[in-house]
Amino acid sequence: MVIADALSRRSDWSTGLEQDNEDVVALPADLWIRFVDMELQDAVAAAQKENNLVQDAVSSLSDPTVSPQHWTIEVAGPDSSTRLLFYNRRLYIPDIIGLRRRIVQDHHNSSAAGHLGVLATCRSVRPSYWWPGLSAFVAKYVQGCATCQQFKVQTRPQRPSLVPIESLSLRLFGQVGIDFMTDLPMSEDFDSIMVVVDHGLSKGVILTPCNKTGLTAAKTVRLYIDNVYSRFGLPNKMISDRGPQFDSAFWTEMCTALQIKHAMTTAFHPQTNGGTERVNREIQTYLSIFCINNPTSWVSVLKKAEFVYNNRPHADRTQSPFELWYGQAP
Ligand SMILES: [Zn+2]
């Protein structure tokens with residue numbers, strides 16, 4: 001209680017606006033989005049008040065000899081009454097295991113997060129939050145996640161290969177794989193997903209609900225035109241998980257549908273490419289977990305899953321599919 005009082009009664013926090021702004025910065029607009037969880041924000045503010053490290057940090061704020069200044073206090077809340085301590089612009093989370101677990105959980109378990117691996121979960125948490133040993137905490141959390149264990153998700157950070165995956169296409173969706181996840185629980189009259197992967201440039205995916213029954217080459221072409229061709233045009237190369245006969249029929253139907261007289265193309269063979277296999281596995285696992293978590297409503301959240309997937313880099317790419325498609329993250 002003494003600590004809380006000392007903190008809340010610090011002279012420079014109550015002397016008025018004119019002296020207040022040295023170390024207190026208004027919360028930047030982009031941070032507001034991260035603080036939609038007001039309950040979490042209040043819990044962090046309360047925990048910080050009880051914390052010794054916060055005391056030291058706050059003292060150092062008024063000490064001109066301490067430099068460089070890593071700590072800042074920012075105001076938040078509807079009436080700017082909440083004060084939060086940031087370390088290098090990341091919200092400091094005191095050593096309360098429930099609070100730290102909750103943050104990692106939000107970035108790992110939620111339907112939008114989709115059980116990312118250690119590295120990706122760290123990447124997701126780190127820009128907004130900081131505490132000593134954050135990476136180790138995240139690793140321990142992810143390795144102990146029951147869902148990840150069940151699906152045997154590869155949670156250890158993978159070392160990127162020294163040789164980047166060779167891409168023969170410089171066009172988005174120039175080199176595509178069309179795979180089908182079938183026999184899913186019925187949702188909005190659909191039981192399958194058409195997964196179109198850009199194996200060449202971006203590693204992005206386009207997910208389309210469909211039905212296993214009647215999934216002919218003609219039907220697949222229709223789905224492809226409506227969902228992929230309409231945005232990225234015709235691929236140079238494609239391969240499906242249905243086999244060469246289907247691939248050939250797909251091309252014939254595509255040429256008919258688009259009234260192309262002659263389209264010369266060859267199926268490529270991603271099984272010879274470890275990187276492509278890894279991308280396929282990653283998507284399969286991601287979607288499996290996603291559908292298990294939303295057994296009857298997966299159709300309604302499928303496009304959200306697609307968004308999350310395309311919003312982070314895959315394989316050896318340093319940029320997310322979105323960044324490669326649009327030049328920036330949405
Ligand atoms: Zn998990």
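This short talk walks through one sheet, the helices that pack on it, and one tyrosine. Please keep in mind throughout that what we are looking at is a predicted model.

Let me begin with the sheet, which is open and has four strands in the order 8-7-6-9, with mixed pairing. At its edges stand strand 8, residues 205-210, and strand 9, residues 237-240, and because each of them has a single partner strand, one side of each is left without a neighbour in the sheet. If we ignore direction, neighbouring strands here are turned against each other by 20° on average.

Looking now at the pairing between strand 7, which covers residues 192-198, and strand 8, we find that the two run antiparallel and are joined by six bridges; within this pairing, Val197 has Val205 of strand 8 as its bridge partner.

Helix 10, residues 217-232, packs on this sheet, where it touches strand 6 (175-181), strand 7 and strand 8, and its direction makes about 130° with that of strand 8. Helix 13, which spans residues 298-310, lies across strand 7 and strand 8, and it runs at about 170° to strand 8.

Finally, I would like to turn to Tyr286, which has its place in helix 12, residues 274-293. Is Tyr286 buried or partly exposed? With 19 other C-beta atoms within 10 Å, where being buried would take 20 or more, Tyr286 counts as partly exposed. Leaving aside residues up to four places away in sequence, Tyr286 touches Gly114 and Tyr309, and its C-alpha atom is separated by 7.4 Å from that of His115, although the two residues are 171 residues apart along the chain.

Note on methods
Residues are numbered from 1 along each chain as its sequence is written. This is a predicted model: local features need pLDDT of at least 70, side-chain atom pairs count only at pLDDT 80 or more; totals for chains, interfaces and linings use all residues. A residue is buried if 20 or more other C-beta atoms lie within 10 Å of its own, exposed if 12 or fewer, and partly exposed in between; C-beta atoms are placed from the backbone. Two residues are in contact if their C-beta atoms, placed from the backbone, lie within 7 Å. Two strands pair if DSSP finds at least two bridges between them. Axes are lines fitted to C-alpha atoms, for helices over the stretch in contact, and angles run from 0 to 180 degrees between N-to-C directions.
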